[in-house]
Amino acid sequence: MKKIFALFLLSPVLAFAHPGHITEGWLAGVHHPLSGWDHMLAMVAVGLWAATFQGKARWLIPSTFVGVMIAGFVLGAQGIQIPMLEQGIAASVLVLGLAAAWLKKVPASAAMFLVGLFALFHGVAHGAEMDSHGILSYACGFVMATAALHVAGFALGSVMSRHQWVLRLTGSLIGLIGFSMLFTA
C-alpha cells in the first residue's frame with residue numbers, strides 16, 4: 001500500500017514527459033536531460049564508454065561532452081539551428097551505446113571528437129528548448145544533471161568492467177534503443 005501511495009505522489013512528475021512544461025530556471029535545466037530517454041541514455045553511455053579508458057581520458061571524454069554541449073547551448077539559445085537535430089540526438093544514443101559496448105582500442109582523441117560532435121546536437125537542443133528567462137540558472141541545471149548522468153554511467157561502467165558481457169549487453173541495448181529512435185525522430 002505504501003508503494004502505491006508513493007507512486008500516486010509521483011504521478012504529477014510523470015506527466016512531464018519532455019520539456020515544454022517547465023522552461024525557466026535551474027529546475028527546468030535539471031529536468032531537461034532527465035526527462036527524455038534520448039538525452040539520458042546518451043549521457044549515461046558517455047560515462048560507460050569513458051570507464052573503458054585509462055588515465056586522463058576517463059575524465060577528458062565526459063568533460064569534452066559537457067564543454068561542447070555548453071557551446072551548443074549558446075548557439076541554440078541564439079536561435080541557431082542544426083539540420084536533422086533530432087536525428088543527430090537519436091544517432092548519438094545509437095553510436096555512443098555501441099561505442100561503450102564494443103570500441104575498446106580507440107584513441108582518446110577520436111573518442112573525444114565523436115563525443116563532442118554529439119554533444120553539439122544535445123547542447124543546441126537544450127538551448128532551443130529553453131525560455132529566455134533564467135538562462136544562466138537553466139544552463140547550470142542541465143550541466144549539473146548531465147555531469148551526474150556521466151558519473152552514473154562511469155560508476156556503472158566501472159562495476160561492469162569486471163563482467164564485460166554485462167557492459168556489452170548494456171551498451172548494445174542502448175544502441176538498439178537509439179536505432180529505434182532514428183525511426184521516430
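Helices, here DSSP runs of H or I with at least four residues, are numbered from the N terminus. The exercises below concern a predicted model.

**Exercise 1. Fold pattern and burial**

Determine which pattern the chain follows along the sequence, and how many helices and strands the chain has.

*Solution.*
Step 1. The assignment gives eight helices and zero strands.
Step 2. Reading along the sequence, one obtains α-α-α-α-α-α-α-α.
Step 3. The chain has 185 residues, of which 42% count as buried.
Step 4. Among contacts with a separation of 6 or more, 84% are between residues 24 or more positions apart.
Step 5. The exposed area of the chain is about 9700 Å², and carbon and sulfur atoms supply 75% of this area.

**Exercise 2. Two aromatic pairs**

Classify the ring pairs Phe-73 with Phe-142 and Phe-179 with Phe-183, and state the surroundings of each residue.

*Solution.*
Step 1. A pair of aromatic rings is described by the distance of the centres and the angle of the planes.
Step 2. Ring centres must lie within 6.5 Å; planes under 30 degrees apart count as stacked, over 60 as edge-to-face and the rest as tilted. The count under this rule is five aromatic pairs.
Step 3. For Phe-73 and Phe-142, the centres are 4.8 Å apart and the planes stand at 50 degrees, so this pair is tilted.
Step 4. Phe-73 belongs to helix H4 (residues 57–77) and Phe-142 to helix H7 (residues 135–160); the pair therefore ties together parts that are 69 residues apart in sequence.
Step 5. Phe-73 and Phe-142 are both buried. For Phe-179 and Phe-183, the centres are 5.1 Å apart and the planes are at 80 degrees, so the pair is edge-to-face.
Step 6. Phe-179 is partly exposed, at 42% relative accessibility, whereas Phe-183 is exposed, at 63%.
Step 7. Ring pairs also join Tyr-138 to a cluster with Phe-73 and Phe-142.

**Exercise 3. A nonpolar surface patch**

Identify which residues make the nonpolar surface patch, and locate Leu-173.

*Solution.*
Step 1. The patch covers about 770 Å² and is made by Trp-165, Leu-169, Leu-173, Leu-176, Phe-179, Leu-182 and Phe-183.
Step 2. Leu-173 sits in helix H8 (residues 164–182).
Step 3. Patch residues need over 30% relative accessible area. Leu-173 has 45% and is partly exposed.

**Exercise 4. Helix H2 and its cover**

Establish how many residues of H2 are buried, and what covers these residues.

*Solution.*
Step 1. Eight of the eleven residues of H2 are buried, and the helix is mostly covered.
Step 2. The buried residues are Gly-25, Ala-28, Gly-29, Val-30, His-31, His-32, Pro-33 and Ser-35.
Step 3. Their cover includes helix H3 (37–50), helix H6 (108–128) and H7.
Step 4. Ser-35 lies in H2, which spans residues 25–35. Burial requires under 20% relative accessible area, and Ser-35 has 12%.
Step 5. A polar atom of the Ser-35 side chain is 2.9 Å from the backbone oxygen of His-32.

**Exercise 5. An unusual backbone angle**

State the phi value of Met-84 and where this residue lies.

*Solution.*
Step 1. Most residues other than glycine have a negative phi.
Step 2. Met-84 has a positive phi, near 55 degrees, and is a residue other than glycine.
Step 3. Met-84 lies in the loop between H4 and helix H5 (85–102).
Step 4. With a relative accessible area of 59%, Met-84 is exposed.

Notes: Residues are numbered from 1 along each chain as its sequence is written. This is a predicted model: local features need pLDDT of at least 70, side-chain atom pairs count only at pLDDT 80 or more; totals for chains, interfaces and linings use all residues. Side-chain values use heavy atoms; hydrogens and water are left out. Rings of Phe, Tyr and Trp (its six-membered ring) pair if their centres lie within 6.5 Å; planes under 30 degrees apart count as stacked, over 60 as edge-to-face and the rest as tilted. Helices (H or I, at least four residues) and strands (E, at least two) are DSSP runs, numbered from the N terminus. Buried means under 20% relative accessible area, exposed over 50%, partly exposed in between (1.4 Å probe, protein chains only). Patches are made of residues with over 30% relative accessible area and no salt bridge: like charges are joined within 9 Å, nonpolar side chains (Val, Leu, Ile, Met, Phe, Trp, Tyr) within 5 Å. Accessible areas come from the Shrake-Rupley method with a 1.4 Å probe; for residues, only the protein chains shown count as cover. A salt bridge is a side-chain nitrogen of Lys or Arg within 4 Å of a carboxyl oxygen of Asp or Glu. A polar contact is a pair of N or O atoms within 3.5 Å; within protein, one must be able to donate a hydrogen and the other to accept it, and residues adjacent in sequence count only if both atoms are side-chain atoms. Contact means heavy atoms within 4.5 Å.
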